[in-house]
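Here's a quick tour of a protein chain, one part at a time. Keep the structure open as you read.

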Amino acid sequence: MERIINSELLDYLHQRGLISKCQYEFLSKDSTSTNLLDSVYDWTVALNNKLTTDIIYIYIDFQKAFDSVSNQKLLAKLQGYGISGNLFEWLKAFLSNRTQVVNIFGCYSNAISIISGVPQGSVLRPTLFVIY
C-alpha cells in the first residue's frame, strides 16, 4: 500500500511542480551518483567557460535529518500542497500514535511517544522528507 501511495503522491507533486526533480538521492531511478555526475558536468562547463567555480563539500547526517521532521509541520505542509481527504487522513494516521521501546539484553524500557521523524524503513520515508 505504501508503494502505491508513494507513487501517486510523487505523481501529484510532480504534476503540480511542487517537488524538484533534482532530489536525486530521494527519488526512484536516481541516486547520489546521478547527482555527482550532474555536478561534475556543471563544474566542467563552468571551468571551460572560465567562470569562477566554488565547490564546497558538506557532510550531512541524513539519519538525523530524517528523525528531526516535525510531524505536525509535515502534515501542515501536506495540507498546504492540497493533500486532503482519505489520503491526508491515512498519512496522518501513518505518522501518529507511534512509540518506541529500547531493548537491552531482554530488558525493555517503557514505551515513549514519537512526535517527530518519518518511520524508519518506510517506502514513504524519502518522499515525506523531501516534502518537509
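## The overall layout

The protein chain has six helices and four strands, counted as DSSP runs from the N terminus (helices are H or I, at least four residues; strands are E, at least two). From the N terminus on, the elements go α-α-α-α-α-β-β-β-β-α. This is a predicted model, where local features need pLDDT of at least 70 and side-chain atom pairs count only at pLDDT 80 or more, while totals for chains, interfaces and linings use all residues. Residues are numbered from 1 along each chain as its sequence is written, and side-chain values use heavy atoms, leaving out hydrogens and water.

Of the 132 residues, 28% count as buried (under 20% relative accessible area; exposed is over 50%, partly exposed in between; 1.4 Å probe, protein chains only).

## Helix 1 and its two sides

Helix 1 covers residues 2-15, and its end C-alpha atoms sit 20 Å apart, in agreement with the 20 Å expected for 14 residues at 1.5 Å a residue (the expected span is 1.5 Å times one less than the number of residues).

Which residues of helix 1 are buried? They are Ile5, Asn6, Leu9, Leu10, Tyr12 and Leu13. Looking down the axis, these buried residues fall within an arc of 160°, so they line one face of the helix (the arc is that of the directions from the helix axis to the C-beta atoms). They pack against helix 5 (85-95) and helix 6 (125-131). On the face turned away from the buried side you'll find the exposed residues Arg3, Ile4 and Gln15. Just after helix 1, Gly17 takes a positive phi of about 65°.

## An exposed isoleucine

Ile104 is part of strand 2 (residues 103-104). Ile104 is exposed, with a relative accessible area of 51%.

Definitions and conventions: Contact = heavy atoms within 4.5 Å.
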